[in-house]
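Subject: Structure for your review

Dear colleague,

Please find below the structure that I am passing on to you. I should be grateful if you would read the notes beneath it with the model open.

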Amino acid sequence: MAVTLTTPNTLLGAFQPKSDVAKLATNAAIVLLGTMLIAAAAKVNVPVWPVPVTLQSFAIAALAAAFGMRIGVATVAAYLLEGAMGLPVFATGGGLAYLVGPTGGFLIGFLAQAAIIGYAADRGASNRPFTLFGAMMVATIVLYAFGFAWLVAMAGQAAWVDQTNVVASAFAKAVQPFLVWDTLKMAFAALSVTGLWGLIGSKR
(Lines give C-alpha, C1' and ligand atoms only; values in the text may rest on other atoms or scores of the structure.)
Protein backbone atom coordinates (compact mmCIF):
# COMPACT_ATOMS: atom_id res chain seq x y z
CA MET A 1 0.00 0.00 0.00
CA ALA A 2 1.37 3.38 -0.97
CA VAL A 3 2.21 5.87 1.75
CA THR A 4 0.20 9.04 1.04
CA LEU A 5 0.67 11.39 3.97
CA THR A 6 0.71 14.50 1.79
CA THR A 7 -0.39 15.50 -1.69
CA PRO A 8 1.37 16.88 -4.79
CA ASN A 9 -0.39 20.19 -4.05
CA THR A 10 1.90 20.89 -1.09
CA LEU A 11 5.55 21.90 -0.98
CA LEU A 12 6.43 18.65 0.77
CA GLY A 13 4.43 16.62 -1.74
CA ALA A 14 6.31 18.18 -4.62
CA PHE A 15 9.56 16.67 -3.33
CA GLN A 16 8.34 13.34 -1.92
CA PRO A 17 10.60 10.38 -2.81
CA LYS A 18 8.99 7.46 -4.64
CA SER A 19 9.95 4.73 -2.19
CA ASP A 20 7.49 4.15 0.67
CA VAL A 21 10.37 3.58 3.11
CA ALA A 22 12.01 6.81 2.03
CA LYS A 23 8.68 8.62 2.35
CA LEU A 24 8.21 7.39 5.92
CA ALA A 25 11.75 8.39 6.86
CA THR A 26 11.33 11.79 5.24
CA ASN A 27 7.99 12.41 6.91
CA ALA A 28 9.33 11.37 10.34
CA ALA A 29 12.27 13.75 9.93
CA ILE A 30 9.94 16.55 8.78
CA VAL A 31 7.70 16.07 11.84
CA LEU A 32 10.69 16.16 14.20
CA LEU A 33 12.14 19.26 12.56
CA GLY A 34 8.68 20.82 12.58
CA THR A 35 8.34 20.38 16.34
CA MET A 36 11.71 22.04 16.78
CA LEU A 37 10.59 24.99 14.66
CA ILE A 38 7.36 25.41 16.66
CA ALA A 39 9.32 25.20 19.91
CA ALA A 40 11.74 27.87 18.68
CA ALA A 41 8.81 30.06 17.61
CA ALA A 42 7.27 29.68 21.09
CA LYS A 43 10.38 31.21 22.63
CA VAL A 44 9.99 34.36 20.53
CA ASN A 45 7.29 35.94 22.64
CA VAL A 46 5.98 39.04 24.31
CA PRO A 47 5.22 38.00 27.91
CA VAL A 48 1.62 39.20 28.18
CA TRP A 49 -0.33 37.51 31.00
CA PRO A 50 -2.11 35.10 30.96
CA VAL A 51 -1.50 34.32 27.26
CA PRO A 52 1.80 35.50 25.74
CA VAL A 53 2.06 36.72 22.15
CA THR A 54 4.31 34.22 20.31
CA LEU A 55 5.25 33.13 16.79
CA GLN A 56 3.73 29.65 17.29
CA SER A 57 0.64 30.34 15.22
CA PHE A 58 2.82 31.63 12.37
CA ALA A 59 5.06 28.56 12.45
CA ILE A 60 2.11 26.15 12.58
CA ALA A 61 0.29 27.94 9.76
CA ALA A 62 3.36 27.87 7.53
CA LEU A 63 4.13 24.22 8.32
CA ALA A 64 0.55 23.07 7.69
CA ALA A 65 0.40 25.00 4.42
CA ALA A 66 3.70 23.52 3.30
CA PHE A 67 3.16 19.93 4.50
CA GLY A 68 -0.60 19.36 4.28
CA MET A 69 -3.14 18.24 6.85
CA ARG A 70 -1.77 14.84 7.94
CA ILE A 71 1.83 15.93 8.44
CA GLY A 72 0.75 19.29 9.85
CA VAL A 73 -1.52 17.74 12.50
CA ALA A 74 1.05 15.03 13.27
CA THR A 75 3.70 17.70 13.81
CA VAL A 76 1.52 19.68 16.24
CA ALA A 77 0.49 16.48 18.05
CA ALA A 78 4.14 15.49 18.44
CA TYR A 79 4.95 18.98 19.72
CA LEU A 80 2.18 18.79 22.33
CA LEU A 81 3.38 15.32 23.35
CA GLU A 82 6.91 16.64 23.83
CA GLY A 83 5.54 19.40 26.05
CA ALA A 84 3.33 17.00 28.03
CA MET A 85 6.40 14.84 28.69
CA GLY A 86 8.06 17.82 30.35
CA LEU A 87 10.30 19.11 27.59
CA PRO A 88 10.46 22.94 27.78
CA VAL A 89 9.01 23.47 24.30
CA PHE A 90 6.18 25.83 25.26
CA ALA A 91 6.56 29.58 25.67
CA THR A 92 7.62 29.38 29.33
CA GLY A 93 8.25 25.70 30.02
CA GLY A 94 6.52 22.35 29.67
CA GLY A 95 4.70 19.57 31.52
CA LEU A 96 1.11 18.38 31.93
CA ALA A 97 0.34 21.25 34.31
CA TYR A 98 1.18 23.70 31.51
CA LEU A 99 -1.37 22.04 29.22
CA VAL A 100 -4.16 22.71 31.71
CA GLY A 101 -3.01 26.26 32.43
CA PRO A 102 -4.34 29.49 30.89
CA THR A 103 -2.81 28.75 27.47
CA GLY A 104 -4.16 25.18 27.28
CA GLY A 105 -7.02 26.13 24.97
CA PHE A 106 -4.65 27.64 22.45
CA LEU A 107 -2.30 24.67 22.60
CA ILE A 108 -5.13 22.23 21.81
CA GLY A 109 -6.53 24.68 19.28
CA PHE A 110 -3.26 24.47 17.34
CA LEU A 111 -4.38 21.00 16.21
CA ALA A 112 -7.52 22.47 14.66
CA GLN A 113 -5.51 25.30 13.12
CA ALA A 114 -3.13 22.84 11.46
CA ALA A 115 -6.03 20.65 10.25
CA ILE A 116 -7.92 23.52 8.60
CA ILE A 117 -4.89 25.05 6.89
CA GLY A 118 -3.49 21.66 5.90
CA TYR A 119 -6.85 20.63 4.43
CA ALA A 120 -6.86 23.75 2.27
CA ALA A 121 -3.25 23.16 1.22
CA ASP A 122 -3.98 19.56 0.21
CA ARG A 123 -6.62 20.93 -2.16
CA GLY A 124 -4.33 23.40 -3.89
CA ALA A 125 -4.42 26.53 -1.73
CA SER A 126 -0.63 26.62 -1.42
CA ASN A 127 -0.29 28.36 -4.78
CA ARG A 128 -3.24 30.73 -4.29
CA PRO A 129 -2.31 33.47 -1.78
CA PHE A 130 -5.79 34.86 -1.13
CA THR A 131 -7.32 31.41 -0.73
CA LEU A 132 -4.54 30.32 1.60
CA PHE A 133 -4.77 33.54 3.62
CA GLY A 134 -8.53 33.05 3.92
CA ALA A 135 -8.05 29.50 5.21
CA MET A 136 -5.48 30.75 7.69
CA MET A 137 -7.85 33.41 9.00
CA VAL A 138 -10.66 30.86 9.41
CA ALA A 139 -8.21 28.63 11.29
CA THR A 140 -7.20 31.59 13.47
CA ILE A 141 -10.84 32.26 14.39
CA VAL A 142 -11.21 28.60 15.40
CA LEU A 143 -7.99 28.89 17.42
CA TYR A 144 -9.40 31.94 19.19
CA ALA A 145 -12.58 30.01 19.96
CA PHE A 146 -10.58 27.28 21.71
CA GLY A 147 -8.53 29.80 23.70
CA PHE A 148 -11.56 31.90 24.62
CA ALA A 149 -13.71 28.93 25.68
CA TRP A 150 -10.84 27.55 27.75
CA LEU A 151 -10.35 30.79 29.66
CA VAL A 152 -14.09 31.13 30.30
CA ALA A 153 -14.27 27.53 31.54
CA MET A 154 -11.34 27.90 33.93
CA ALA A 155 -12.05 31.48 35.03
CA GLY A 156 -13.22 30.54 38.54
CA GLN A 157 -11.67 33.01 40.93
CA ALA A 158 -8.59 33.68 38.78
CA ALA A 159 -7.10 37.07 39.53
CA TRP A 160 -6.61 37.88 35.86
CA VAL A 161 -10.34 37.56 35.11
CA ASP A 162 -12.84 40.26 35.99
CA GLN A 163 -15.36 38.17 37.91
CA THR A 164 -18.10 40.74 37.28
CA ASN A 165 -17.84 40.19 33.51
CA VAL A 166 -16.06 36.91 32.78
CA VAL A 167 -16.94 36.75 29.07
CA ALA A 168 -15.68 40.25 28.25
CA SER A 169 -12.60 39.71 30.37
CA ALA A 170 -11.77 36.40 28.69
CA PHE A 171 -12.24 38.02 25.27
CA ALA A 172 -9.87 40.79 26.27
CA LYS A 173 -7.27 38.21 27.32
CA ALA A 174 -7.73 35.52 24.65
CA VAL A 175 -8.65 37.41 21.49
CA GLN A 176 -8.25 41.17 21.54
CA PRO A 177 -4.45 41.37 22.04
CA PHE A 178 -3.83 39.05 19.08
CA LEU A 179 -6.12 40.38 16.33
CA VAL A 180 -3.65 42.64 14.53
CA TRP A 181 -0.59 40.49 15.20
CA ASP A 182 -2.21 37.28 13.97
CA THR A 183 -3.59 38.93 10.85
CA LEU A 184 -0.07 40.08 10.00
CA LYS A 185 1.41 36.67 10.86
CA MET A 186 -1.11 34.84 8.68
CA ALA A 187 -0.50 37.23 5.79
CA PHE A 188 3.26 36.69 6.04
CA ALA A 189 2.83 32.90 6.33
CA ALA A 190 0.56 32.81 3.28
CA LEU A 191 2.90 34.96 1.22
CA SER A 192 5.93 32.91 2.31
CA VAL A 193 4.40 29.57 1.29
CA THR A 194 2.85 30.78 -1.96
CA GLY A 195 6.10 32.56 -2.80
CA LEU A 196 8.08 29.34 -2.31
CA TRP A 197 5.50 27.49 -4.40
CA GLY A 198 5.97 30.03 -7.17
CA LEU A 199 9.74 29.49 -7.11
CA ILE A 200 9.34 25.72 -7.18
CA GLY A 201 6.71 25.83 -9.91
CA SER A 202 8.93 27.91 -12.13
CA LYS A 203 11.67 25.26 -11.89
CA ARG A 204 9.59 22.09 -12.22
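The notes that follow go from the overall fold to the cavity, then to helix 9 and some individual residues.

Please bear in mind throughout that this is a predicted model.

Overall fold

The protein chain contains nine helices and two strands. Their order along the sequence is α-α-β-β-α-α-α-α-α-α-α. Of the 204 residues in the chain, 48% are buried.

The cavity

Searching the whole structure for cavities of 30 Å³ or more yields one. The space in this largest cavity amounts to about 200 Å³. Its lining comprises 18 residues, and those nearest the centre are V51, P52, T54, Q56 and F110. Several elements contribute two or more residues each to that lining: strand 2 (53-54), helix 3 (56-67), helix 6 (104-122), helix 7 (129-153) and helix 9. The greatest contribution comes from helix 6, which supplies three residues. Sorted by class, the lining of the largest cavity consists of 12 nonpolar, four polar and two charged residues.

Helix 9

Helix 9 spans residues 179-201, and besides giving residues to the cavity lining this helix holds a salt bridge between K185 and D182. Side chains of opposite charge can pair when their charged atoms come close. In this pair, the closest N and O atoms of K185 and D182 are 2.9 Å apart. The two residues are separated by about one helical turn, because they stand three residues apart in helix 9. Are K185 and D182 buried or exposed? Both of them are buried. The count of salt bridges in the model comes to one.

A nonpolar surface patch of about 430 Å² is formed by L179, V180, W181 and L184. L184 belongs to helix 9. With a relative accessible area of 54%, L184 lies over the 50% cut-off and therefore counts as exposed.

Residues of helix 6

Helix 6, already mentioned for its part in the cavity lining, also includes D122 and Y119. D122 has a relative accessible area of 10%, which is under 20%, so this residue is classed as buried. Although D122 and G13 are 109 residues apart along the chain, their C-alpha atoms are separated by 9.1 Å.

Y119, by contrast, is partly exposed, because its relative accessible area of 43% falls between the 20% and 50% limits. The residue Y119 is 49 residues from R70 in sequence, and the C-alpha to C-alpha distance between Y119 and R70 is 8.5 Å.

The loop between helix 4 and helix 5

M85 is located in the loop that joins helix 4 (69-84) and helix 5 (96-99). M85 is exposed, since its relative accessibility is 63% and the cut-off is over 50%. Between M85 and L96 there are 7.1 Å in space, C-alpha to C-alpha, and the two are 11 residues apart in sequence.

When you go through the model, you may wish to start with the cavity and the residues nearest its centre, V51, P52, T54, Q56 and F110. The pair K185 and D182 and the patch of L179, V180, W181 and L184 could then be viewed together.

With kind regards

Conventions. Residues are numbered from 1 along each chain as its sequence is written. This is a predicted model: local features need pLDDT of at least 70, side-chain atom pairs count only at pLDDT 80 or more; totals for chains, interfaces and linings use all residues. Side-chain values use heavy atoms; hydrogens and water are left out. Patches are made of residues with over 30% relative accessible area and no salt bridge: like charges are joined within 9 Å, nonpolar side chains (Val, Leu, Ile, Met, Phe, Trp, Tyr) within 5 Å. Accessible areas come from the Shrake-Rupley method with a 1.4 Å probe; for residues, only the protein chains shown count as cover. A salt bridge is a side-chain nitrogen of Lys or Arg within 4 Å of a carboxyl oxygen of Asp or Glu. Helices (H or I, at least four residues) and strands (E, at least two) are DSSP runs, numbered from the N terminus. Buried means under 20% relative accessible area, exposed over 50%, partly exposed in between (1.4 Å probe, protein chains only). On a 1 Å grid over the protein atoms alone, a cavity is a set of points where a 1.4 Å probe fits but cannot get out, and a pocket is an open set with protein on both sides within 12 Å along at least five of seven lines; lining residues have an atom within 4 Å of a point. Grid points are joined across faces, edges and corners, and a volume is the space filled by probe spheres set on the points. Ala, Val, Leu, Ile, Met, Phe, Trp, Tyr, Cys and Pro count as nonpolar, Asp, Glu, Lys and Arg as charged, and the others, Gly among them, as polar.
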